[in-house]
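Subject: Structure for your review

Dear colleague,

Please find below the structure that I am handing over to you. I would be grateful if you could look through it alongside the notes in this message.

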Amino acid sequence: MNDAALFPIFFIVVAAYFGLKLALIRFVGYVFGNKEVARTFSIDYFVIVAVFGLMLLPVACGRIYMPGVSDLAWTILLLAMGIFVLITLFIKLLQIFYTGISSLFYIFLYLCTSEILPLLVAAKVASIVVNMV
């Protein structure tokens with residue numbers, strides 16, 4: 001398969017990943033009776049992800065139009081940006097969910113269901129797709 005044929009596949013995988021995250025956030029909010037809090041966090045989450053996508057645009061353009069810069073430099077820049085976004089998401093998570101020591105359970109549950117589980121599923125799907133090619 002060429003790269004043009006892989007694009008729709010990865011688009012579908014990414015869309016499914018974010019759809020799964022949204023469904024899990026809403027499910028956790030429904031189970032624990034925090035629908036409004038889950039709704040607020042899901043909106044904030046997708047706003048932060050959208051801003052991250054906009055931050056990646058200059059990096060992608062730079063990667064394409066500045067071939068003299070090493071791949072290691074671009075990788076370090078992307079890792080730094082990703083870590084910054086993860087820290088921002090964690091701070092937002094604490095601002096929204098933390099109301100006392102008992103709310104740490106909700107935060108732990110959220111991290112397991114909405115951050116770790118979709119990453120594991122996405123990694124498995126990506127490995128299946130790569131092995132098909």
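The notes below cover the overall fold, the aromatic residues, and the enclosed and open spaces.

**Overall fold and confidence**

Please bear in mind that this is a predicted model. The mean pLDDT of the chain is 83, and 98% of the residues reach at least 70. Among the elements, helix 2 (residues 35-65) has the highest mean pLDDT, at 88, while helix 4 (residues 104-132) has the lowest, at 78.

The chain contains 4 helices and 0 strands, and its pattern along the sequence is α-α-α-α. The C-alpha trace extends over about 50 × 30 × 20 Å along its principal axes. Of the 133 residues in the chain, 24% are buried. When contacts between residues at least 6 apart in sequence are considered, 68% of them join residues at least 24 apart.

**Aromatic residues**

The model has 4 aromatic pairs. One of them is formed by Phe18 and Phe46: the ring centres are 6.0 Å apart and the planes meet at 65°, which is over 60 degrees, so the pair is classed as edge-to-face. This pair connects distant parts of the chain, since Phe18 belongs to helix 1 (residues 3-31) and Phe46 to helix 2, with their positions 28 residues apart in the numbering. Phe18 has a relative accessibility of 24% and therefore counts as partly exposed. Phe46, at 26%, is likewise classed as partly exposed.

Phe46 also pairs with Tyr45; here the ring centres lie 5.1 Å apart and the planes are at 85°, so this pair too is edge-to-face. Tyr45 has a relative accessibility of 4%, which means that Tyr45 counts as buried. Phe18, Tyr45 and Phe46 belong to one aromatic cluster that also includes Tyr17 and Phe41.

**The cavity**

The structure holds 1 cavity of 30 Å³ or more. The largest cavity encloses about 70 Å³ of space. Which residues line the largest cavity? They are Ile25, Val28, Gly29, Phe32, Asn34, Ala38, Phe97, Tyr106 and Tyr110. Helix 1 makes the greatest contribution to this lining, with 3 residues, and helix 1 and helix 4 each provide at least two. By class, the lining comprises 7 nonpolar and 2 polar residues, with no charged residues.

**The largest pocket**

The largest pocket holds about 510 Å³ of space. Its lining has 17 residues, of which Tyr17, Phe18, Tyr45, Val49 and Phe52 are the closest to the centre of the pocket. Tyr17, Phe18 and Tyr45 are also members of the aromatic cluster described above. Helix 1, helix 2, helix 3 (71-97) and helix 4 each contribute at least two residues to the pocket lining. In terms of class, this lining consists of 13 nonpolar, 2 polar and 2 charged residues.

**Points to examine in the model**

When you open the structure, you may wish to begin with Phe46, which forms edge-to-face pairs with Phe18 and with Tyr45. From there you could turn to the largest pocket, where Phe18 and Tyr45 are among the residues closest to the centre. The lining of the largest cavity could follow, with Tyr106 and Tyr110 among its residues. For helix 4, please keep in mind the mean pLDDT of 78.

With kind regards

How values were computed
Residues are numbered from 1 along each chain as its sequence is written. This is a predicted model: local features need pLDDT of at least 70, side-chain atom pairs count only at pLDDT 80 or more; totals for chains, interfaces and linings use all residues. Side-chain values use heavy atoms; hydrogens and water are left out. pLDDT is the predictor's confidence in each residue, from 0 to 100. Rings of Phe, Tyr and Trp (its six-membered ring) pair if their centres lie within 6.5 Å; planes under 30 degrees apart count as stacked, over 60 as edge-to-face and the rest as tilted. Buried means under 20% relative accessible area, exposed over 50%, partly exposed in between (1.4 Å probe, protein chains only). On a 1 Å grid over the protein atoms alone, a cavity is a set of points where a 1.4 Å probe fits but cannot get out, and a pocket is an open set with protein on both sides within 12 Å along at least five of seven lines; lining residues have an atom within 4 Å of a point. Grid points are joined across faces, edges and corners, and a volume is the space filled by probe spheres set on the points. Ala, Val, Leu, Ile, Met, Phe, Trp, Tyr, Cys and Pro count as nonpolar, Asp, Glu, Lys and Arg as charged, and the others, Gly among them, as polar. Contact means heavy atoms within 4.5 Å.
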